[in-house]
Structure formats: C-alpha cells, structure tokens
Amino acid sequence: MKYIIYFGLMISLILLLVACGSEDSDTSGNSDSNAYTVGVDVTYPPFEFQEDGEMKGIDIDLIHAIAEDQGFEVKIEAMDFSGIIPAMQAGELDIGMGGMSITEERKETVDFSDPYFESGLSLVIASDNTEINSIEDLEGKIIAVKNGTTGAKFAADNQGDYGYEIIQVKDSTSMFQEVANGNADALLEDYPVIMYAIATSDLELKVAGDKLNGDNYGISVLKGKNDDLLQKINDGLANLRENGKYDEIIDKYLGE
Ligand code: GLN
C-alpha cells in the first residue's frame, strides 16, 4: 500500500514538472509574463529616448498603441542598435524596432511589418565646415558610422569609390560627438533623426549635400516563426492609420 501511494506521488510530481516545462517553452523570448519584449535603440530621438526616467518616442508610442488595439502587452528593452537582431535570434526579444530600415539583407533573418515611416541617409558635418559639400569631398577624410546600421553598410559599400576612412561607434550620441570634437570629419545618419537633433538640441552639426538614398522603417519579428504576431502588428498599424492615432503620434513628436 505504501508503495502505491509513493508511486502515485512520483507520477503526480513528474506530471507537474512536465506541465511547468511546456508552459515555459511556448512563451517565446520571455518566461516571466505574457508581454512581448520589444528591442529598441538605446537612444534615437524622435523614435526612442529617455525623458524624466521614461522611454518616449514614435516607436514607443506606436508599439503601445498597436498592442492596445490588438490586445497584447509589451515590455520595452533599450539596447545598442546592433544588438537588436542578434537578441531576436537568441530568443531574448519578440519584436525589433529602433528606426529599423527594411533591407533585403535583414529580410534573410527577420520578417518586417508594412512600412511605417519614410527615411534614408544624409551626410552630416560640423556646422563650421565649408570644405565638404557632398560625399565626393570625402577623399582622405574620416567618417563616423554606427555599428550594424544602413549608414555603416553604405559607408563600407562606397569606401572604394570615395576613399575615406571609417570609424565605427555604438550609438548616435557617440557618433555626433566624434564629429563635434573633430575626431571625424563627417557622419552618416537617417535624415529624420539628424533634422530632429539639429532642431531640438544645440549640436554644432549640419547636413551636407542631398539625401544619399531612401528607405522605410518596419517593425521586425524573427523570420518565419511569428506570422500571427506579424499579422497583429500589421492589423494594428492599419487601424491606427485609419482612426487617426498614427497621425496623432507623428504630430506629437514632429508637429511644429
Ligand atoms: N535606419 C537605420 C538602420 O536601420 C538606422 C537605425 C538606427 O540607427 N537606430 O540601420
């Protein structure tokens, strides 16, 4: 009799462990809550930035509004931009944002939502620089770029044609700093970001020449694994565009 009770207890214990184990494994990327974790750039105004100890910005408001519209929870994690896709691949993040441009290269590892913001690259120099008027003037100069960005890729792809040296940094603040303090002659940044930075802070920087290319930001999820989540993101985005919330968010950060 004793053995039967013992045996029964063992079976219950095993069943309990199995149940707990399987519960953990189906919450991708976070085991402690039902919220989807969203990776954003550590500092990328107007898309994400800290103010009064709070994360704010277009990306932050947009993903919260999409989540509310579609009935899910999100948890924001700020990190270096170059860490976002690797963190998704490691199962630590469910959603990647950070003013992330939709590129063919990234589409090999992530699926993108419908585009939500038009962007592209500009060349940026110190405001007192009269020597550099376009990318053609960068021969022998030093250009600062941010790791893992479309700017870094553009710089590497065109280095042979223009003959500049490249410095890689980890975030936009350090990149602006490199040009402001004279360590670099120029930098590459998304034009909405640089226009916002110039308009809202006392950065001694200006744009040189025309926009270098055009692209669009998308919200990313790990490729081929998150079709349901991607559908919700796209449905939410479409609803926000229709009910005016998308425009409200853009106006809040970019309105006069
Ligand atoms: N849009 C650029 C990219 O996708 C830059 C993003 C960023 O610096 N946060 O690479």
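How much space lies in the largest cavity? In this predicted model, the largest cavity holds about 120 Å³ of space.

## The cavity

A search of the whole structure finds 1 cavity of 30 Å³ or more. The largest cavity is lined by 16 residues, and those closest to its centre are Tyr 44, Thr 149, Thr 150, Glu 189 and Asp 190.

The ligand sits in the largest cavity.

## The shell around the ligand

The ligand is surrounded by 13 residues, of which Gly 99, Ser 101, Arg 106, Lys 146 and Asp 190 come nearest. Asp 190 is thus named both among the nearest residues of the ligand and among those closest to the centre of the largest cavity.

By class, the residues of the shell comprise 4 nonpolar, 5 polar and 4 charged. Both domain 1 (35–118 + 216–254) and domain 2 (121–213) contribute to the shell, with at least three residues from each.

## Polar contacts and cover

Two of the contacts described here involve a nitrogen atom of the ligand. One such atom is 2.7 Å from an N or O atom in the side chain of Ser 101, a residue also listed among the nearest to the ligand. A nitrogen atom of the ligand also lies 2.8 Å from a polar backbone atom of Gly 98.

On the oxygen side, a polar side-chain atom of Tyr 44 is 3.5 Å from an oxygen atom of the ligand. Of the 290 Å² of accessible area that the ligand has on its own, the protein covers 99%.

Conventions. Residues numbered from 1 in each chain as written. Predicted model: local features only at pLDDT ≥ 70, side-chain atom pairs only at ≥ 80, totals over all residues. Heavy atoms only, no water. Near = heavy atom within 4 Å. Polar contact = N/O pair within 3.5 Å; in protein donor to acceptor, adjacent residues only side chain to side chain. Areas by Shrake-Rupley, 256 points an atom, 1.4 Å probe, with all protein chains shown as cover. 1 Å grid on protein atoms, 1.4 Å probe; cavity = no way out; pocket = protein on both sides within 12 Å on 5 of 7 lines; lining within 4 Å. Sits in = over half its atoms within 2 Å of the grid points. Nonpolar A, V, L, I, M, F, W, Y, C, P; charged D, E, K, R; others polar. Domains from an automatic or database assignment. Points joined across faces, edges and corners; volume = space filled by probe spheres on them.
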